[in-house]
Each structure stands twice: as C-alpha cells, then as structure tokens.
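Please find below a short note on the model under review. The points concern the contacts with nucleic acid and the nonpolar interior.

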Amino acid sequence: MSSCNCHQLLSPLPLALPSSHSPPSLQTQPPPSIQKPTASPLTSKTPPKPTSPSRSTASWVDALRSRTRSNDFREAISTYIEMTVSGARPDNFAFPAVLKAVSGLQDLKTGEQIHAAAVKFGYGSSSVTVANTLVNMYGKCGGIGDVCKVFDRITDRDQVSWNSFIAALCRFEKWEQALEAFRAMQMENMELSSFTLVSVALACSNLGVMHGLRLGKQLHGYSLRVGDQKTFTNNALMAMYAKLGRVDDSKALFESFVDRDMVSWNTMISSFSQSDRFSEALAFFRLMVLEGVELDGVTIASVLPACSHLERLDVGKEIHAYVLRNNDLIENSFVGSALVDMYCNCRQVESGRRVFDHILGRRIELWNAMISGYARNGLDEKALILFIEMIKVAGLLPNTTTMASVMPACVHCEAFSNKESIHGYAVKLGFKEDRYVQNALMDMYSRMGKMDISETIFDSMEVRDRVSWNTMITGYVLSGRYSNALVLLHEMQRMENTKDVKKDDNDDEKGGPYKPNAITLMTVLPGCAALAAIAKGKEIHAYAIRNMLASDITVGSALVDMYAKCGCLNLSRRVFNEMPNKNVITWNVLIMACGMHGKGEEALELFKNMVAEAGRGGEAKPNEVTFITVFAACSHSGLISEGLNLFYRMKHDHGVEPTSDHYACVVDLLGRAGQLEEAYELVNTMPAEFDKVGAWSSLLGACRIHQNVELGEVAAKNLLHLEPNVASHYVLLSNIYSSAGLWNKAMEVRKNMRQMGVKKEPGCSWIEFRDEVHKFMAGDVSHPQSEQLHGFLETLSEKMRKEGYVPDTSCVLHNVDEDEKENLLCGHSEKLAIAFGILNTPPGTTIRVAKNLRVCNDCHAATKFISKIMEREIIVRDVRRFHHFKEGTCSCGDYW
DNA sequence: CTAGGGTTAG
C-alpha cells in the first residue's frame, strides 16, 4: 500500500544532494566511553614528563585553555597534571579549563579530585567561576546530588551559576525543579540570558501542553522584547513549540529569523516527522538541500522516518546513497536504525537486513529496528530468531522497545505456541509498568481473543497514550465487538474535551494523549460499517473534517467504505471524489461498493478510469484485489462477458497473475448467471496447487440459486472434503435438497453436520436507531418490543397473503409441518429488524438493516411485499451485497 | 552554561 501524498510538494527527483561535505567536528568525536581511562590520570603511577620549573602559572594556564578549547581534553588534563607537579599553583582560570576537559571526557573520578584540589587551593566556593564549572562538571558526569551540593555552597551566585544549575537539572530530566530554579533566579532579580531561555524552554517542552506552554510562550515573548535573536535561542523555542504540538508556531518562528543554521532545519524536519506531517518534512528537507545547508546525521535521521511513512523508497534510497558517499554519517547509530526502518517499512526487508549486517557496533536500537521490521512484514520467525540472537549472541538485554517490537511476531507466529510466556518474560525484565510493553500486550491478548485480559491491562494502566486507546478499539473491532469500540471512542473523545487545559491553550494541534487521530478513525470506521451505524459514521466524518483528518488517505478510504456499507453509495462516491489523494485501496473500496450496490457498469467505468489515470502516472494501478472487486461487481450485475474478458487479459494487460480467489470470483460470475457447466469446467481447469475452497463454494452457491442438485452434490462433496467444519457448506447443500423436496436428504445433511460437531452461526440482524444499534437473533424474544414485533409481523403476513405472498419454506432445516415452518420464518432476524424499523420510525423513512448471513429466500420475497404494503424503501445489507427494496421489487436478481 | 535524531496502534 502506498500512502504517499507528497508528489506535489517534491520536485522531480533526483534530489541533487551535494556529493560530500566536511564532517562536523562533533561527529568525529568518539563516544566518551571509549576514551574513558581505567584509572584517573591523577593517581597514575607513571610520573609526568619533567618540565621546566621556571614556567609561570599564566603560561601553564594559556596552554591548558587552548587545549580545552580545541577539544584536546586528554592533553588538557595532562597539562594540568604537569602544572601541579611542576609546583605551579592552579588559579581560578586553570580550574574552569581543566574541569571543562573533564566534562568532555565524562571522567567523574578526575573531576572529583580536581574538585578537592580546588577546595584545597581556596576556590571551592569562593570563586564563582570555578564553582560554576564544578556545577557543570557534575551535571555532565556526576549525580544530581553533587550538583545541588556545589550550587548550594555558592554564596554570590551570578547568572552563569543559575544557568549552569538549570541546565544540569535538565540533564537529569528534573523538569519541575528546573522551573523552580528558574523562578528562584527571577526572585533574585537575575537577568536572563539566551542560555537561560534555552534551558527553560527545554524544560517547558518536557512538561507537556498543560504545564509548559504558557511559560514557553512567555519566554518567546521575552526573547522578542529584549531582542534576543540568537540562533540558539530561536532553535530552542522552535523545538519547544514543536514538542508541545505547536508545529505551526514552530514553523512561523523558523520563517521569522534570518540566521537559520543546520539545527534550525533539523528541528523543523523532525518536528514535522514527529507530528505525522511527513510530506512537509520531506518538502523542508528538499528546501534545505536546495539552499545548500550542510546536512548531518541528525538531518538524515529526521528525514528518513518521513520517507518510511510515506513509503518513498525512491527518496530513501537516494538518501542512503548520500550516506554511503559520506562515510562518517553511517557511524551515527541513529542513521543506521532509521535506514533499516525505512527499508523495512517500504517492504524491502532484505535491503534493511543488508544495512543491518554492514553496521559494526550494533546498538540495541538497531536490533529493535530490524526486529520490528521483520515483524511488520510478517516474517515472524525471522523476528524471533533475531531476538534470540540479540540476547544469546550479542549479549544485549532487551529493552521495552525490543519487547514491544517482538511481541507482534510472537502473536502471529504459529510455531510460537505459548504466547503468554512472553508476558512473563516482560514482567521478569521489570517492564510490567511500561506503556509500550502494555500496549503490545493488549494487542497480543486481543488478537488471541482474550479481550478480558486486554481490558484488565488497559484498566490498570497508570498512563495511557493514544496507542493504548487505539489498540483497545482495534481489539474490539477485530473481535466483532463493534459497539464496545464505539463506546471507547466516545470515552476517548470525552477525555479529550475534559482535559484540564486553560482556555487559550485549547487550540493545540497535536492534542493530548486522548485525541483521536487518523489511526483511531480508520480502525473504528469499519466498526460503523459493520453495524451499518450511519449516524455514528457521519459523526466521525464530521470529526475528521474538523480535525483535518479527512484528507488522510486511510481515513478517506475507510469513509468511502463506511458510507457504501451503510447503504449510501452517493455519499461514498462524494467522499471519493473530494479526496485529494487516493491509493489502490481507495479505488478498490469504491469499485467494491458499486458492485455491492448492483452498479456493475459504474464499477467497470471506475476500473477504466483507474487504469487510464495509472497510465498518466496517477496514484494507483490495479492490483490483485482490484480484480476481485471488479469480478464481484460483474457477477452481481450479470456482466458475464466483460468479467470473463478481464479475467483472461488481467495478466497480459495489467501484469496481475490470477490467484485462486480470482477463480472463485469467476466461477461465481458464471454460476450466478446460470452457466453452471462452464463454471464447473473452470474449477476443473484450475492449476493443481491452487486452493479450490473458494471456487467450490461459489459453485455450490450457484447450484443453490439455480436449484441444481446434481452439480451441487459434486461441489459439496469436494468442498466438505476440504473443509468439513464449515456450517454454511452443509446449510447450502441442505437447502438445495429441501428446495427440490428431497426432505430426507436434507435431513441427512443436517445429521452429518451435527455428527461433525459443526454449528451454524445463528442468524443475526441489526438496525441503527437513535444512538444505539438494536440487534435481533432468529426467534429472538429478548427485545423489549418483542411481543409487539411478532404481533405486527402476523397481521402484516395476512395482508401480504392477500397481495399474493406465498411463504418459501425451503430454507427451514427442521422437518416440521408447514404451519410451524411459517412461524419459524416470522422469527427470522431480518424480519424482526425490519418490523422494528417500521414501528419506530415515521412513515416514509428509509429502513436500513444489516445481516450477518445471506438473506433467506423467504425473507427476500417477503420484504418485497413489505416495501410495497408499508410504502417504505428498505435496504438490507447481507454478508455479500445490498438489497434495495422499493415498491415491491428488489435491486438484486438473485432470488425468485 | 545552550538546541535537533531511532521503537508500539493500521
């Protein structure tokens, strides 16, 4: 599936990336852990080189400072040692310089010794400059306790002391404390500098919209008032806005100042990527390249997720090529994982694996990307094998992401039978409270059909995010509990509206964790479709428009499907026409919709348009599913030769290989039209390795329509050999027998069915009324209006007889007398739902009913009469298609 | 004394 909607934003490829650039100095610095000495240089046994004793402190300090400045931290520390050994007294310039070097190396031990020396020489707290660098040093390589201890002892704190303290608190993610310190700083009437703003902005962005945005806006206002236009300040403010979901404010700020640097661009690109605005991320990346701004690893790691989500393999590959041309980039571990993710999300798992294999120091995040890549592509065994390899061979301990990535593979992998064990493993690792792990667990249990466990986890969660809600909703939809899904969506929206946000902060784009997003809507819409709950569906449509989610391809396609399945083909078409971007799925959904509504010609017309647009470089070209939808449409509209022609030409003209599903459709096409022999012939010409279940059941269904006992027996025999446990096969055969009056044979089929332990799914119909979906089972007496409904159907039955209605009892399996059969027919769920609709809605209202199985012959005949007598349009959607009853006729030609 | 990047739901 391609969900790209950025064609117009990107100019034609290639991107014209510069072929090389000088590496940024930060990137060439090896990670501190490699450089970390095993023993502190201060306690080293090897004596320092003899030096000239006559050197002055000032000359030592000059050397020391210049080494620190050029990032030669090791040399700087050596110089310091030589200096002390030579007897020169370090002063309040020497200590800051050497402490900076220590910070660069994250060498706490040396730092502590220098701290002691500083105290010894009288600079412990009396020199603000030294104390400030101590705060910094502990902030970078010590603990929060040391930071506070040093800071507390400074008697005459200056602005830098506060800035360093706040920055250190941020390093330890003590966001509230950072804000507290900021307030204390203001109480002491300290001036704020851009350093202050940057740190406080970072704290704000991590405090969430509720607690951070107000202050963040004030910081921005302050920077404007004092004319602070430093690039650093603006970058930090941009990042703050983006993190708080104000991407547009971030963008406006970006556009408002001139001294933009690489970080400004990187911030914008990652902000777009993180708020699902992938096309804008790519567009900004393009602009950045065009303006000749240097790119670094962060640029690449920020833009690749956009390529990944938009499935722009072409752009992704080009970026990969750029990475290969600039060797230092692949050393950035983020780039490696982003590349793996991009390839896997574009279904190029093997390419992803090659990237993975070529990276040497594999960090856990890289393993995670590869594992989730395998899992996402259904390569569950490979995901599990890699997971084991990571633990056993690479000796890495899984983190919460690893667990969340591997769990979907466990769920789908049949060879992995004891699925609960992964839950136990996660608990053992101490991840029980982790949101990601809990989300993955909920997904696992709902796919295992254990919704109760998912519910327990969901209820027990301390913090739920959007994914938690979406996972639960998906779980309900997957297990057919559509009403629960809708209730949960409602709850989610309620949480969104009641969140404790000040009035003027209520216009945030990203919203809190409870705000439904595109995925929420696209998961819940099939629920509306299944329930034929059009009122709810419209409500969701309105919500999508209000929240700018309607232009999303997945939401749009789900809306097209929902309207069609609720019986509103016109609305379905309108949504389709208004969609700015479409993909294969969008087209397939509408073609299918036309087919279900008996508009075969329109379906073919759409197919032709699709092919024509694909020829002009349009969004989508027909795939396997397209042909299935087209054949189904032809079948329902009796367009035999059109369907057959396409079937014979699909490979040659469109490059789509016929599958067993296509055969099943074409068998249905022929069979439904009464060409049973030809249909049978087609089944027999199917390649041997093809699964014939679909084809045989199409043929059996056709034999039921055309009452062909002989061929029906052949089809049923083959079918029951392949699938002895499917109730509908038995039911069809039994119905064929009873229509032909062969009651004994029908009874025998039923007996076989019982002996095989196969149970027929109970018939069930439902109808949306006011805010609820009312459900009726066959023979249902539990509905509050049950008595009324049965009474109504009885009097209606009288009137129908006068109009010429003759009950068709062929679908009643029980061998009871005819009167009894008629009673049973009256209890059919679709009749009950229709009666409910008539009794509860004003005259003339169209009645929309949905049923889980196919409408039975008798109900079909009866509904024609009902539509005429009651002067109602009645739309019944069964498992295959729509029946539009109007003035005594039905739009379909399948029943008589 | 300061900013930007990798995972989960479809």
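1. A base nitrogen of DNA strand B lies 2.9 Å from a side-chain N or O atom of Asn-470, a polar contact in the sense of a pair of N or O atoms within 3.5 Å. Tyr-436 places a polar side-chain atom 2.8 Å from a base oxygen of DNA strand B. For Arg-171, a side-chain N or O atom is 3.3 Å from a phosphate oxygen of the strand.

2. The model is predicted: local features need pLDDT of at least 70 and side-chain atom pairs pLDDT 80 or more, whereas totals for chains, interfaces and linings use all residues. Residues are numbered from 1 along each chain as its sequence is written, chains are lettered from A and ligands numbered from 1 in the order in which they are written, and side-chain values use heavy atoms, without hydrogens and water.

3. DNA strand B is surrounded by 45 residues, counted as near if a heavy atom lies within 4 Å of the strand. Asn-470 is among the closest, together with Asn-266, Asn-332, Thr-401 and Arg-447. This surface comprises 16 nonpolar, 20 polar and 9 charged residues. Of the strand's atoms within 4 Å of the protein, 42% belong to sugar or phosphate and the rest to bases.

4. The largest nonpolar core (buried nonpolar residues joined through side-chain atoms within 4.5 Å; buried means under 20% relative accessible area with a 1.4 Å probe, protein chains only) has 238 residues. Leu-219, Ile-319 and Leu-699 have the most contacts inside it. Apart from this core lies another of 27 residues, including Phe-776 and Ile-866.

How values were computed
Buried < 20%, exposed > 50% of the residue type's maximum accessible area, 1.4 Å probe, protein only. Polar contact = N/O pair within 3.5 Å; in protein donor to acceptor, adjacent residues only side chain to side chain. Nonpolar A, V, L, I, M, F, W, Y, C, P; charged D, E, K, R; others polar.
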